[in-house]
Amino acid sequence: LVHRLDRETTGLMVFGYTQKAAAALSEMFQKNSIRKVYEALVLGEMELGARSTLRIPLEGKEAVTHYE
C-alpha cells in the first residue's frame, strides 16, 4: 500500500506491485508530483461559481483543500 484514504472518503487505493514501484510511487506522493482529485457531496448552499481554499493541518501534515 502506497497511500491511504481519509476515513470519510472512498475510492482508489494505490499499491506498488514491487518494492521498486512502491518506492517510486511513495516518492511521487512526497514530492507532490501526483495530483489527487476528490469529489464530495455536501449539504447546504454556496454561491454559484464561488471558489475557496482551506488550509487545515491533518495529523501534523499540511493539508490543502481547494473547492468550487
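Tyr 17 counts as exposed in this predicted model, because its relative accessibility is 82% and anything over 50% falls in that class. Along the chain, Tyr 17 sits in the segment before helix α1. Now look for Gly 44: the two residues are 27 apart along the chain, and their C-alpha atoms are separated by 41 Å.

Carry on from Tyr 17 and you reach α1 itself, which runs over residues 19–30. This helix has twelve residues and spans 16 Å from its first C-alpha to its last, close to the 16 Å you'd expect at 1.5 Å a residue. Just after α1 comes Asn 32, where phi turns positive, at about 55°.

Next stop, strand β1, which covers residues 52–55 and includes Leu 54. Leu 54 has a relative accessible area of 38%, so it is partly exposed: that value lies between the 20% and 50% cut-offs. Leu 54 also belongs to a nonpolar patch on the surface, together with Met 46, Ile 56 and Tyr 67. Between them, these four residues offer about 380 Å² of accessible area.

Finally, the empty space. Rolling a probe the size of a water molecule over the atoms shows where such space is left. Here the largest pocket has a volume of about 2,200 Å³. It is lined by 43 residues, and the closest to its centre are Asp 6, Lys 36, Tyr 38, Val 64 and Thr 65. Three elements give two or more residues to that lining: α1, β1 and β2 (64–67). Of these, β2 gives the most, with four residues.

Key. Residues numbered from 1 in each chain as written. Predicted model: local features only at pLDDT ≥ 70, side-chain atom pairs only at ≥ 80, totals over all residues. Heavy atoms only, no water. Expected span 1.5 Å × (residues − 1). Patch = residues over 30% accessible without salt bridge, like charges linked within 9 Å, V, L, I, M, F, W, Y side chains within 5 Å. Areas by Shrake-Rupley, 256 points an atom, 1.4 Å probe, with all protein chains shown as cover. Salt bridge = Lys/Arg side-chain N within 4 Å of Asp/Glu carboxyl O. Buried < 20%, exposed > 50% of the residue type's maximum accessible area, 1.4 Å probe, protein only. 1 Å grid on protein atoms, 1.4 Å probe; cavity = no way out; pocket = protein on both sides within 12 Å on 5 of 7 lines; lining within 4 Å. Points joined across faces, edges and corners; volume = space filled by probe spheres on them.
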